[in-house]
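Q: I am new to this structure and would like to learn how to read it. Could we go through it together, one feature at a time?

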Amino acid sequence: MQSQSSFSLNKSNLAMLPDNIATPNFDRSDVTTGIVHIGVGGFHRSHEAMYVNGYMNTTGDLNWGICGVGLRPADKKMQEVLESQDYLYSLLEKHPSGERNISVIGAITEFMMATENPKAVIDKIASPEVKIVSLTITEGGYNFDPATGEFIADNPDVIHDVANPTAPRLVFGYLLTALQARKAAGIAPFTIMSCDNIQHNGDVLKAMLLAYVNLVDKAFAQWVETNVAFPNSMVDRITPATTDEDMDELASLGIKDSWPVVCEPFHQWVIENDFCNDRPSFESVGAQFVKHVAPYEKLKLRMLNASHSVLGLVGSIAGLETIHGSMENAALRDMLGKFMCTEVMPNLDAVGDLDVNEYGEILLTRFANPNIKDALSRICLESSAKIPVFLLPTVKDNLANGGKLDISALVIACWAYYSEFHTSQEGKALLVQDELADELQSAAKGYEENPLSFLTVSSIFGELIEYQDFTALYTNYLSQLRAGEPVLKIVAALA
Ligand code: CS2
């Protein structure tokens with residue numbers, strides 16, 4: 001249903017787009033690359049690239065174009081689409097009321113595939129105009145053991161990269177070789193800015209990079225430690241996967257875009273002001289610079305992301321499909337509110353002058369946005385990298401201080417069910433994409449011999465299996481689920 005003419009998104013058509021679509025007001029041919037971003041997905045495009053676009057729009061400082069880098073063959077599609085659109089894409093913000101805001105983002109001006117031309121990527125990162133290398137490589141990209149936090153030095157990719165410094169596979173090799181080249185040429189290092197959902201993301205990145213550099217060149221590790229900055233940051237914007245309907249909707253509104261980004265109106269970026277080279281004044285476009293980001297990160301990971309996992313795992317077993325659909329179930333919604341108030345909030349620290357109760361209320365409204373249609377299958381991707389970061393720290397705190405554990409135990413029981421059967425309780429197939437899927441499934445399958453078998457995956461659960469306050473609740477829920485008690489009935493009894 002096309003109500004008006006629709007134009008393919010590229011630089012020559014920008015002027016033809018309807019007036020209600022915001023387009024970059026800077027001359028993109030004058031932009032130089034100041035940022036290399038590794039891992040261009042929906043989230044980078046709805047968040048950092050949107051901030052950079054806004055910054056260049058409002059200040060006219062055009063030194064901050066973004067060069068996207070794909071480290072995995074799967075990133076090729078993003079490169080092809082962006083290249084065919086002169087690196088432009090549209091951002092469709094969907095309000096709960098049904099109102100839409102559409103803008104064309106022009107912050108990305110180049111894209112390189114590391115898998116095809118690693119040298120070009122290293123040269124780009126080493127070039128003096130690049131002042132920041134930012135990353136969204138997901139929790140898994142940091143190569144740490146979730147139970148110990150240690151760098152996994154025997155990962156075959158790490159072994160490969162140590163032997164092949166000019167054609168590495170992982171991010172660490174690119175950063176190291178480019179930093180060495182800059183130091184040799186007397187060029188100041190770049191700031192390395194993680195935008196992933198990991199608590200102390202900058203500190204973790206620094207520790208992982210130093211562990212890697214130590215394997216290669218101990219003296220250089222010392223130099224990195226002293227000269228390179230790794231700001232911690234908290235990033236937030238719900239960005240579901242783009243669907244064909246989103247593309248059709250945009251086409252009906254005037255833009256043919258092969259890979260637009262859809263997101264909620266809310267966005268937040270809290271960053272520690274710790275940069276070793278120039279940076280844009282992101283504060284002029286709404287980012288918050290703070291001395292310590294830790295309380296903000298903890299708040300977001302434990303409230304927002306853990307709540308997502310609660311709805312994702314419980315809702316999936318119940319056969320539900322989306323976050324907002326799960327919020328329409330009164331028992332689930334009440335349980336989520338209870339989870340935040342009784343299990344999470346008692347362990348949070350004060351967060352500036354922010355009201356944590358109000359933060360929780362806003363989250364419930366964000367989750368209920370019916371236009372976002374955030375799929376539970378997206379939330380459950382790579383749960384083995386998420387649960388240890390989002391939920392288990394809350395469990396650990398509650399075990400230490402006698403706090404409530406019920407809802408967390410139910411969520412882990414649902415995850416055991418999901419991992420064992422890969423279906424909802426009614427037998428609907430569930431998407432499983434998890435680095436540890438096989439290990440989780442075989443552990444979960446050991447239930448008959450040992451009802452706690454799932455918790456034996458110690459790389460995830462550490463010593464949780466030893467804590468009877470938790471395991472008693474967990475076993476009770478898991479046995480009910482396996483006996484066919486509908487999870488929503490269990491939830492209703494809890495709320
Ligand atoms: C989600 C996040 O992946 C997940 O499990 O919780 O992607 C979430 O939507 C973002 O962190 C929101 O900022």
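Q: Let me start with a single pair: which residue in β13 is the bridge partner of V235?
A: Happy to help, and please keep in mind that this is a predicted model. Strands of a sheet pair through backbone hydrogen bonds, either parallel or antiparallel. Here, V235 has W269 in β13 as its bridge partner. The strands concerned, β10 and β13 (residues 268–272), pair in the antiparallel sense, over 4 bridges.

Q: In what order do the strands of that open sheet lie?
A: Reading across the sheet, you meet its 3 strands in the order β10-β13-β14, and the pairing is mixed. β10 (233–236) and β14 (288–290) are at the edges with a single partner strand each, so one side of each has no neighbour in the sheet. From one strand to the next, the twist averages 20°.

Q: Which helix lies across β10 and β13?
A: That is helix α10, residues 294–317. Its direction is at about 35° to β10.

Q: Let us move to another strand. How many residues of β3 are buried?
A: For burial, we count how many other C-beta atoms lie within 10 Å of a residue's own, and 20 or more makes the residue buried. In β3 (residues 33–38), 5 of the 6 residues are buried, so this strand is largely enclosed by the rest of the structure.

Q: In which sense do β3 and β4 pair, parallel or antiparallel?
A: They pair in the parallel sense, with 5 bridges between β3 and β4 (residues 65–70). One example to find on screen is H37, whose bridge partner in β4 is G68. β3 also runs parallel to β8 (residues 132–135), joined to it by 4 bridges. There, look for I35 opposite I132 of β8.

Q: Now the helices: at what angle do α6 and α7 pack?
A: Angles of 65 to 115 degrees count as roughly perpendicular. Helix α6 (residues 171–184) packs against helix α7 (residues 201–216) at about 70°, and their axes are 10 Å apart. That makes α6 roughly perpendicular to α7. The crossing of α6 past α7 is right-handed.

Q: Which residues meet where α6 and α7 touch?
A: From α6 come F172, L175 and L176, and they meet M208, L209, Y212, V213 and V216 of α7. By type, the residues of this contact are 8 nonpolar, no polar and no charged.

Notes
Residues numbered from 1 in each chain as written. Predicted model: local features only at pLDDT ≥ 70, side-chain atom pairs only at ≥ 80, totals over all residues. Axes fitted to C-alpha atoms, helices over the stretch in contact; angles between N-to-C directions. Helix = DSSP H or I, 4+ residues; strand = E, 2+ residues; numbered from the N terminus. Parallel < 35°, antiparallel > 145°, perpendicular 65-115°, else oblique. Left-handed = near helix turned anticlockwise from the far one by under 90°. Contact = placed C-beta atoms within 7 Å. Nonpolar A, V, L, I, M, F, W, Y, C, P; charged D, E, K, R; others polar. Pairing = 2+ DSSP bridges. Buried ≥ 20, exposed ≤ 12 C-beta atoms within 10 Å, placed from the backbone.
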